[in-house]
Amino acid sequence: MKITIIGTGYVGLVTGACLAELGNNVFCLDVDQRKIDVLNSGGIPIHEPGLAEIVSRNRASGRLKFSTNVEESVAHGDIQFIAVGTPPDEDGSADLKYVLAAARNIGKYMNGYKVVVDKSTVPVGTADKVKGVISEELRARGSDIKFSVVSNPEFLKEGAAVEDFMRPDRIVIGCDETPTGEQARELMRKLYKPFNRNHERTLWMDVRSAEFTKYAANAMLATRISFMNELANLADHVGADIEAVRHGIGSDPRIGYSFLYAGCGYGGSCFPKDVQALERTAREYDQELLILRAVEAVNNRQKHVLGKKITARFGADLKGRHFAVWGLAFKPNTDDMREASSRVLLRELVEKGATVAVYDPVAMAETKRVLELDFADKPGALQHIRFCDAPMEALRDADAVAIVTEWKTFRSPDFDQMKSLLKQPVIFDGRNLFEPEVMSEVGFEYYGIGRSVPVSA
Ligand code: NAD
């Protein structure tokens with residue numbers, strides 16, 4: 001089938017590459033010339049396990065093309081996926097300007113029946129807006145070409161995006177009950193047929209419910225995390241261990257183990273903005289989502305938890321102190337730094353006068369880029385942050401190390417080497433990678449999240 005992907009970011013590139021891998025003829029469009037140049041010269045602009053091989057194989061076969069040519073891209077696909085960003089507007093609502101710009105281009109250049117698929121995460125009612133914009137453009141052209149707008153939200157996780165796309169738990173598709181909607185349903189059924197070989201994974205529903213489902217899923221996951229983080233902070237006070245509690249409640253099949261890890265806050269391009277956007281949608285209807293308001297507030301507070309533990313241990317004035325930070329990306333296996341907790345911690349440490357040495361297995365370049373923006377108001381502050389090529393290098397002469405991202409490579413470090421490099425053996429473990437008792441045995445002063453009283457060496 002002939003597919004166009006509008007927006008070649010995390011979602012668009014993975015979608016395009018995976019659909020090409022299944023034999024489709026895919027045209028990926030982006031407005032970012034640099035990104036397209038990287039892809040056309042055989043590179044890959046993001047870190048995503050397994051993606052580079054698929055992109056290179058399908059580019060070579062001619063089934064996957066990258067371009068900034070809007071007219072050509074719209075002419076190409078019978079199915080047009082809109083996978084552009086939907087960042088938060090100033091008031092927290094999803095900014096639809098990129099989605100509607102993509103829709104406008106479709107309306108301007110479409111030359112025959114098209115299925116327009118909203119793959120971006122968009123508020124309930126967006127399909128109607130997309131439909132409105134395309135109709136407006138068609139009217140201006142005096143054209144009555146038919147089209148259909150479908151909602152097909154994406155559930156992939158960065159770091160496991162290819163695997164998630166190729167083996168989805170479910171495929172949610174919202175279609176209209178109109179004749180053009182039926183036509184769209186048939187094309188979507190054909191496109192996703194290879195994913196349903198083992199068993200039917202597609203959940204068909206109306207467009208608004210499909211749009212809502214994506215927000216409901218992310219809001220539920222974010223709620224579980226904030227719930228555990230809030231309890232973890234209490235566990236620190238009452239002398240309980242949140243890891244024992246996690247096992248104690250996760251073993252109940254009604255609760256389950258997933259997404260119950262306490263830590264130093266969730267980040268990324270989805271949870272923070274989607275929770276905010278759903279709250280904002282509710283307000284538009286004079287409704288208030290009290291739980292989600294709390295989920296967001298708890299998460300914002302949790303991003304300061306490591307900073308608080310560090311100042312509780314070393315004092316509010318960190319002048320003359322030096323810290324190591326292991327892990328910068330918002331989660332492992334990605335270089336995505338959007339809303340990463342490390343950014344809050346680095347800002348806090350530097351503002352309190354400390355110097356910092358940082359290491360992340362893949363997000364170093366992206367960290368440099370985002371910190372330039374974060375510290376734009378504090379010229380010179382970046383000089384207090386040293387970027388290291390290896391985890392052990394970051395530890396040299398540090399008063400303590402803070403772990404912010406749970407990369408596998410940090411899970412079984414050489415504790416003796418760590419002790420020999422650190423000025424003093426102190427760990428602030430923002431992801432509860434280690435057991436407090438074990439850390440005590442190997443001679444560390446250990447601070448986890450909700451692991452009860454700090455364990456001294
Ligand atoms: P991204 O920022 O990585 O990519 C978006 C791309 O769209 C950028 O390359 C940008 O240059 C391009 N773009 C913007 N306007 C354009 C236009 N008019 N025409 C062509 N290209 C245009 O974003 P992302 O992380 O891939 O997210 C895309 C959407 O998918 C968002 O709504 C997001 O919430 C949702 N989503 C993201 C994830 C994730 O893990 N990243 C998972 C599920 C859903």
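A disulfide is a pair of cysteine sulfur atoms within 2.5 Å. Keep that cut-off in mind as you look through these close-ups of a predicted model.

**View 1. Cysteines without a disulfide partner.** The structure holds zero disulfides. Take cysteine 388: the nearest cysteine sulfur belongs to cysteine 264 and is 19 Å away, so with a limit of 2.5 Å cysteine 388 is in no disulfide.

**View 2. Two cysteines and their surroundings.** Are cysteine 175 and cysteine 388 buried or exposed? Cysteine 175 has a relative accessibility of 3%, so it counts as buried. Cysteine 388 is buried too, with a relative accessible area of 1%.

**View 3. The ligand and its shell.** Here you can meet the residues around the ligand, 24 in number. Those that come nearest are Asp30, Lys35, Thr86, Glu158 and Lys273. By kind, the shell divides into eight charged, seven polar and nine nonpolar residues.

**View 4. Contacts to ligand oxygen atoms.** Look for lysine 273, where a polar side-chain atom lies 2.5 Å from an oxygen atom of the ligand. Valine 11 takes part through its backbone: an N or O atom there lies 2.9 Å from a ligand oxygen. Threonine 121 also has a backbone N or O atom 2.9 Å from an oxygen atom of the ligand. On its own, the ligand has 830 Å² of accessible area, and the protein covers 90% of that.

**View 5. A ligand between two domains.** Why does the ligand lie between domain 1 and domain 2? Domain 1 (2-205) gives residues to the shell around the ligand, and domain 2 (215-299) does as well, so the ligand lies between them.

Technical notes
Residues numbered from 1 in each chain as written. Predicted model: local features only at pLDDT ≥ 70, side-chain atom pairs only at ≥ 80, totals over all residues. Heavy atoms only, no water. Buried < 20%, exposed > 50% of the residue type's maximum accessible area, 1.4 Å probe, protein only. Near = heavy atom within 4 Å. Polar contact = N/O pair within 3.5 Å; in protein donor to acceptor, adjacent residues only side chain to side chain. Areas by Shrake-Rupley, 256 points an atom, 1.4 Å probe, with all protein chains shown as cover. Nonpolar A, V, L, I, M, F, W, Y, C, P; charged D, E, K, R; others polar. Domains from an automatic or database assignment.
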